[in-house]
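Me: I am new to this structure and would like a close look at a single part of it, the largest pocket and what lies around it. Please take me through it in one connected answer.

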Amino acid sequence: MAAADQIRGDMTLSDYSFPHSRLRRRITTTDRTPLVLIACGSFSPITFLHLRMFEMAADYARFNTQFEVVGAYLSCVGDAYKKSGLVKAEHRINMCSLAVAQSSWISVDPWEALHAEYLETAKVLDHFNDEINEVIGGVETPNGRKKCHIALLAGADLIQTMSTPGVWADKDIDYILKNFGAFIVERTGTDIDEALSALQPWKSNIWVIQQLVQNDISSTKVRLFLRRDMSIRYLVPEPVVQYIEEHGLYEEDGVAAASAGGAKDREGARPGESKGVAEAGSSNSGGA
């Protein structure tokens with residue numbers, strides 16, 4: 001088995017090598033096309049929905065397409081994106097790495113985030129296509145090597161921005177949907193039919209995944225909870241909860257998180273727990 005990829009938020013482009021330890025290098029079927037899913041985004045912070053999207057897409061591909069998923073990647077935008085609530089790329093890379101630590105097939109590629117300049121999604125997808133299909137040479141099949149289909153994985157809100165005039169360059173939309181396509185997960189509050197109405201020329205390269213278990217967790221809502229000093233446990237992976245607290249992230253938004261080694265508001269409390277829970281051993285029952 002290949003050595004695990006060493007992904008660190010403080011690495012530089014000179015340290016970078018493409019992470020491929022979780023990329024499956026062989027498929028045994030002859031009638032399926034290997035598929036690699038790419039999720040581009042802020043991930044500030046990464047949530048369980050971001051991770052769940054990969055599982056939903058893999059199930060959808062297995063039952064509804066001729067694709068076979070061989071790998072998946074999270075690609076964080078760089079600091080030049082300048083989005084509200086965006087903590088430094090170093091932290092977002094680290095949080096994503098912690099979130100996928102237990103996955104056997106989802107990886108984090110820091111290449112996009114390590115650039116000082118903003119990179120368009122089309123360039124990021126080209127990067128994956130080059131690394132996987134040109135440098136590595138695709139995957140092995142019983143009939144020889146086959147190139148992987150690289151596809152964007154996103155929520156319906158992203159597709160909605162593609163259909164909104166002026167948000168995306170027309171040439172980028174055409175390039176992405178024609179050459180890569182997209183697996184789109186329905187999101188609460190987004191009219192998927194309306195979002196797709198302006199993208200009909202590429203409808204054969206867009207796969208819509210229904211959420212059978214509704215989940216509307218978002219990074220924006222997690223940051224809102226943090227601003228209100230409310231629990232975020234079970235909204236994001238536990239190691240990410242701990243990382244946010246240990247590094248005092250999102251404090252610029254009014255977060256009152258304790259820093260590493262700092263005093264806790266409630267002795268014995270774990271990172272992210274609700275402060276509405278009574279301290280262990282306390283009682284208002286007036287016992288004997």
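**The largest pocket and its surroundings**

Reply: Phenylalanine 43 sits in the loop that joins S1 to H1, and since the model is a predicted one, what follows describes that prediction. The phi angle of phenylalanine 43 is near 50°, which is a positive value in a residue that is not glycine. The loop between S1 and H1 is also the place of proline 45, and the peptide bond leading from serine 44 to proline 45 is cis, with an omega near 0°. As a general background, most residues other than glycine have a negative phi, and most peptide bonds are trans.

The two elements that flank this loop, strand S1 (33–41) and helix H1 (48–64), each give at least two residues to the lining of the largest pocket. That pocket has a volume of about 920 Å³, and of the 36 residues that line it, those closest to its centre are Cys40, Gly41, Ser42, Lys83 and Leu158. Other elements that each supply at least two lining residues are helix H3 (121–135), strand S6 (149–155), helix H4 (156–162) and helix H7 (219–227). The largest share comes from S6, with four residues. Sorted by class, the lining of the largest pocket holds 18 nonpolar, eleven polar and seven charged residues.

H3, one of the elements in that lining, also packs against helix H5 (residues 170–179), at an angle of about 30° and with the two axes 9 Å apart. Because of that angle, H3 counts as roughly parallel to H5, and H3 passes H5 in a left-handed crossing. On the H3 side the contact is made by Thr121, Ala122, Leu125 and Asp126, which meet Asp172, Tyr175 and Ile176 in H5. The residues of this contact of H3 with H5 fall into four nonpolar, one polar and two charged.

A second helix pair can be described in the same terms. The axes of helix H2 (residues 89–99) and helix H8 (residues 238–246) come within 8 Å and cross at roughly 150°, and H2 is therefore roughly antiparallel to H8. H2 passes H8 in a right-handed crossing. In H2, the residues Glu90, His91, Asn94, Met95, Leu98 and Ala99 meet Pro239, Val240, Tyr243 and Ile244 in H8, and by class this contact of H2 with H8 consists of seven nonpolar, two polar and one charged residues.

How values were computed:
Residues numbered from 1 in each chain as written. Predicted model: local features only at pLDDT ≥ 70, side-chain atom pairs only at ≥ 80, totals over all residues. Heavy atoms only, no water. Axes fitted to C-alpha atoms, helices over the stretch in contact; angles between N-to-C directions. Parallel < 35°, antiparallel > 145°, perpendicular 65-115°, else oblique. Left-handed = near helix turned anticlockwise from the far one by under 90°. Contact = heavy atoms within 4.5 Å. Nonpolar A, V, L, I, M, F, W, Y, C, P; charged D, E, K, R; others polar. 1 Å grid on protein atoms, 1.4 Å probe; cavity = no way out; pocket = protein on both sides within 12 Å on 5 of 7 lines; lining within 4 Å. Points joined across faces, edges and corners; volume = space filled by probe spheres on them.
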